[in-house]
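Visitor: Hey, got a minute to walk me through this one? I'd like to go over it piece by piece.

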Amino acid sequence: ALERFVAWVERSRTDALSVLFTPWGEALIREPYRKALVHLSRLAHVERVAIQTNLSVDVGFAADADPRKLAFWATYHPSEVDRDRFVAKVLGLRGLGIRTSVGLVGLPAHREEALALRAALPEDVYLWINAAKRTHGAYGEEELRFFERIDPLFALNTEHHASLGKA
């Protein structure tokens, strides 16, 4: 299916395309995804190709991609990936000129990790906090303010998610 999709993108030369892979699980452990990202980034009519990842794999393949077009949506999971290794990969991607968005699930158990990650990342890397409504429930005022100090849009995004449930 991935090969068919890449072939379709190649044939769709009349349109400028942007592609975001949001796989179930970690797609970068599979070589076809790594090859697809590099290949798609080199197509003239592809403006951006990005993937959601936890950066648990070697991201050296990204050096073969067009850094103006490839991007990573990286979520840090403290129980799955060592923080220093995660940050080193973010910095390595930045060194290649590849945009990388960094996030963390806003669980109370992740508070110290959120602070440590914020301190480890360069100031210009926005660290977003993803609300964990399904597993955590509603956030208290103190929790909202804590995560908002790291991600100024957190409380706004949490309110947005809450309003969606009322519709």
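**A walk through the model**

Guide: Sure, and I'll begin with Glu10: apart from neighbours within four places in sequence, Glu10 is in contact with His39, Leu43 and His45. Keep in mind that this is a predicted model.

Visitor: Okay, which helix is Glu10 found in?

Guide: Glu10 belongs to helix H1. With a relative accessible area of 28%, Glu10 is partly exposed.

Visitor: How far apart are Glu10 and Val46 in sequence and in space?

Guide: They are 36 residues apart in sequence, and 8.9 Å apart in space, C-alpha to C-alpha.

Visitor: Back to H1 itself. Which residues of H1 are buried?

Guide: Leu2, Val6 and Val9 are buried in H1, which spans residues 2-11. Those three sit on the same side of H1, because they cover an arc of only 60° around the axis. As a rule, residues three or four places apart in an α-helix point the same way, because there are 3.6 residues a turn.

Visitor: And what's on the other side of H1?

Guide: Glu3, Arg4 and Arg11, which are exposed there.

Visitor: What covers the buried residues of H1?

Guide: The cover includes strand S1 (17-21), H2 and strand S2 (46-53).

Visitor: H2, then. Which of its residues are buried?

Guide: Ala36, Leu37, Val38, Leu40 and Ser41 are buried in H2. The buried residues of H2 pack against H1, S1, S2 and also strand S3 (70-76).

Visitor: Let's switch to charges. How many salt bridges does a search of the whole structure find?

Guide: Seven salt bridges turn up. One of them is in H2, so let's stay there: Glu31 and Lys35 pair up through their side chains, at 3.5 Å from N to O.

Visitor: How are Glu31 and Lys35 placed in helix H2?

Guide: H2 covers residues 31-41, and the two are four residues apart in it, so about one helical turn separates them. Glu31 is partly exposed at 43% relative accessible area, while Lys35 counts as exposed at 53%.

Visitor: What does Glu113 form a salt bridge with?

Guide: With Arg83, and the closest N and O atoms are 2.8 Å apart. Glu113 lies in helix H4 (residues 111-120) and Arg83 in helix H3 (residues 83-95), so this pair ties together parts that are 30 residues apart in sequence. Arg83 counts as partly exposed, with 24% relative accessibility.

Visitor: And which residue does Glu142 pair with?

Guide: Glu142 has a salt bridge with Arg111, where the closest N and O atoms are 2.9 Å apart. This pair links distant parts of the chain too: Glu142 is in helix H6 (residues 141-150) and Arg111 in H4, 31 residues apart. Glu142 is partly exposed, at 45% relative accessible area.

Visitor: Which residues are linked in a network of salt bridges?

Guide: Glu141, Arg145 and Glu148 are.

Visitor: Now the greasy inside. In the largest nonpolar core, which residues touch the most other members?

Guide: Phe72 and Phe86, out of 50 residues in that core. Leaving out residues up to four places away in sequence, Phe72 touches a list of residues including Leu28, Ile51, Leu55, Phe61, Leu93 and Ile98. Polar or charged ones are also on the list, among them Thr53, Arg99, Thr100 and Ser101.

Visitor: And on the surface, which residues form a nonpolar patch?

Guide: Tyr126, Leu153 and Leu156 do, with about 290 Å² of accessible area together. Leu156 lies in helix H7 (residues 154-166), and Leu156 is exposed, at 51% relative accessible area.

Visitor: Let's zoom out. How many helices and strands are there in the protein?

Guide: Seven helices and five strands. Along the sequence the pattern reads α-β-α-β-β-α-β-α-β-α-α-α.

Visitor: What size of box do the C-alpha atoms fill?

Guide: Roughly 50 × 40 × 25 Å, along the principal axes. The protein has 167 residues, and 43% of them count as buried. Its accessible surface is about 9500 Å², with 53% belonging to carbon and sulfur atoms.

Visitor: Last one: of the contacts between residues at least 6 apart in sequence, how many join residues at least 24 apart?

Guide: 64% of them do.

How values were computed
Residues numbered from 1 in each chain as written. Predicted model: local features only at pLDDT ≥ 70, side-chain atom pairs only at ≥ 80, totals over all residues. Heavy atoms only, no water. Salt bridge = Lys/Arg side-chain N within 4 Å of Asp/Glu carboxyl O. Buried < 20%, exposed > 50% of the residue type's maximum accessible area, 1.4 Å probe, protein only. Arc of directions from axis to C-beta. Contact = heavy atoms within 4.5 Å. Patch = residues over 30% accessible without salt bridge, like charges linked within 9 Å, V, L, I, M, F, W, Y side chains within 5 Å. Areas by Shrake-Rupley, 256 points an atom, 1.4 Å probe, with all protein chains shown as cover. Core = buried A, V, L, I, M, F, W, Y, C linked by side-chain atoms within 4.5 Å.
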